[in-house]
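Here are some short exercises to work through with the model open beside you. Try each task before reading its solution.

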Amino acid sequence: MKIHEYQAKQIMKMYGISVPNGSPAFSPEEAARIAKDFDTPIAVVKAQIHAGGRGKAGGVKLAHNIDEVKYYASQILGKVLVTHQTGPEGKMVNRLLVEEGSNIEKEYYLGFVIDRETAQVVMMGSSEGGMEIEKVAAEMPDRIFKEYIDPTIGLMPFQTKRMAYNLKFKDKVIAKAQKCMMDLYNLFVEKDCTLAECNPLVVTVDNKVMALDAKLQFDDAAIFRHPEIEALRDEAEEDPKERAAAKASLSYVNLGGDVACMVNGAGLAMATVDIIKFYGGEPANFLDVGGDSTVEKIAEAFRIMQSDDQVCSVFVNIFGGINKCDVIAGGIVEAAKVVGLKVPVIARLDGTNHEEGRRILKEANLPMVHAVQKMEEGAELAVKLAAELKAKRAEGKEA
Ligand code: ADP
Ligand code: MG
């Protein structure tokens, strides 16, 4: 789960990290009211969307007086911001952060993520922080320093010291930089983050160490332990399909293609995405219905998949274990009744109760449903039928 920069800054502040004074604003008037109380000659107006790269896209503006604050706020609010992290469709800006401008001496990068290879949290730092960090990572990877953290011991002072020296912080701020690393690590672990990042972390001309940008992401599987984080959710920023799926306990990821799939088990779901690609198709989603399917859950999965206008076929690929094929078949029949089948459905049901499942489908006599025996056969047919429907739709549009 992602949250906004201003929310991440509030949490960082609770952990002892310095952040600029500021508040969220939903209108130019509110932005102006906030900036009136600032002590600094510059106020910064920042688009709040769940994506980075805002600076380069015009979503971060420095204002020198209240009129400018109002002007920039009115320019940014309601605008669709396209950054290298939003995808071409961009994201609508509904909120701003208005904060005091810092007198920056130098920008650094500091971040924590989980390294899958070592199964450890890794702290990453660079003295080349700021808006070009992706370029640094691609072209000068040796400028990014890493400290792997033993989970049984936690981040050690020698590691924060080594990082501070590698990043060449000046003597006056070394202790502050080390403290900031420790604070951010504590936050990362206690709040079950998957990412905690300050880019830039800055040293100011008056020797403060501050997070000027703040990004936190949380492990969805651990959100139940943090109702205070769940309360920060901004549904406007999330894919409605992914949101509906989470509510129905379905594990769904939108992939943007036209062949939808519904599978039981994450491994088989990954293999299904792969095999759709193998036959030349583009998977619309990853969807694991889990092991405790009910007829209602399957019908909801259909509703979600079909709410994606791009979808041109649905490949149901079930290897029944705990899940029973008759329940899945019942779910398909229920979906046909309740939500209607708008695109061809290719059903491969194998494993527990598959005879019963196939019988239910046969007796329901649904013209949109094609039963197949093998996964390969199903994937190939799903790709073929999707291509046919897509061509038909294109023709329809042209006519
Ligand atoms: P993004 O990463 O989405 O582009 P940032 O919050 O990192 O957005 O802002 C981009 C740049 O704007 C920063 O690298 C920094 O140079 C400048 N900036 C951001 N906030 C402030 C601030 N409070 N004071 C001064 N400069 C800022
Ligand atoms: Mg940034």
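**Exercise 1.** Which residues does UniProt list for "domain: ATP-grasp"?

*Solution.* Start with the ground rules. This is a predicted model, in which local features need pLDDT of at least 70 and side-chain atom pairs count only at pLDDT 80 or more, while totals for chains, interfaces and linings use all residues. Residues are numbered from 1 along each chain as its sequence is written, chains are lettered from A and ligands numbered from 1 in the order in which they are written, and side-chain values use heavy atoms, with hydrogens and water left out.

Now the record: an unreviewed UniProt entry gives residues 9–55 for this domain. UniProt positions follow the numbering used here, feature names are shortened, and annotations may be inferred rather than shown by experiment. Next, the make-up of that stretch: residues 9–55 are 32% helix and 21% strand, with 17 Å between the end C-alpha atoms. Helices (H or I, at least four residues) and strands (E, at least two) are DSSP runs, numbered from the N terminus.

**Exercise 2.** Find the partner of Glu 99 in a salt bridge, and place both residues in the chain.

*Solution.* First, the criterion: a side-chain nitrogen of Lys or Arg lies within 4 Å of a carboxyl oxygen of Asp or Glu. Glu 99 meets it with Lys 46, their closest N and O atoms being 3.6 Å apart. Second, the location: Glu 99 sits in strand S6 (residues 95–100) and Lys 46 in strand S2 (residues 43–48), so the pair links distant parts of the chain, 53 residues apart. Third, the surroundings: Glu 99 is buried at 3% relative accessibility, and Lys 46 is buried too, at 6%. Buried means under 20% relative accessible area, exposed over 50%, and partly exposed in between (1.4 Å probe, protein chains only).

**Exercise 3.** Are Lys 179 and Asp 183 buried or exposed, and how far apart are they in helix H6?

*Solution.* Begin with the contact: their side chains form a salt bridge at 2.7 Å, N to O. Both belong to helix H6 (residues 174–190), where being 4 residues apart separates them by about one helical turn. Lys 179 is partly exposed at 42%, whereas Asp 183 is buried at 11%.

**Exercise 4.** Where is Pro 88, and how accessible is it?

*Solution.* Look in the loop between strand S4 (80–81) and strand S5 (91–92). At 75% relative accessibility, Pro 88 is exposed. As a distance check, its C-alpha atom is 32 Å from that of Ile 34, 54 residues away along the chain.
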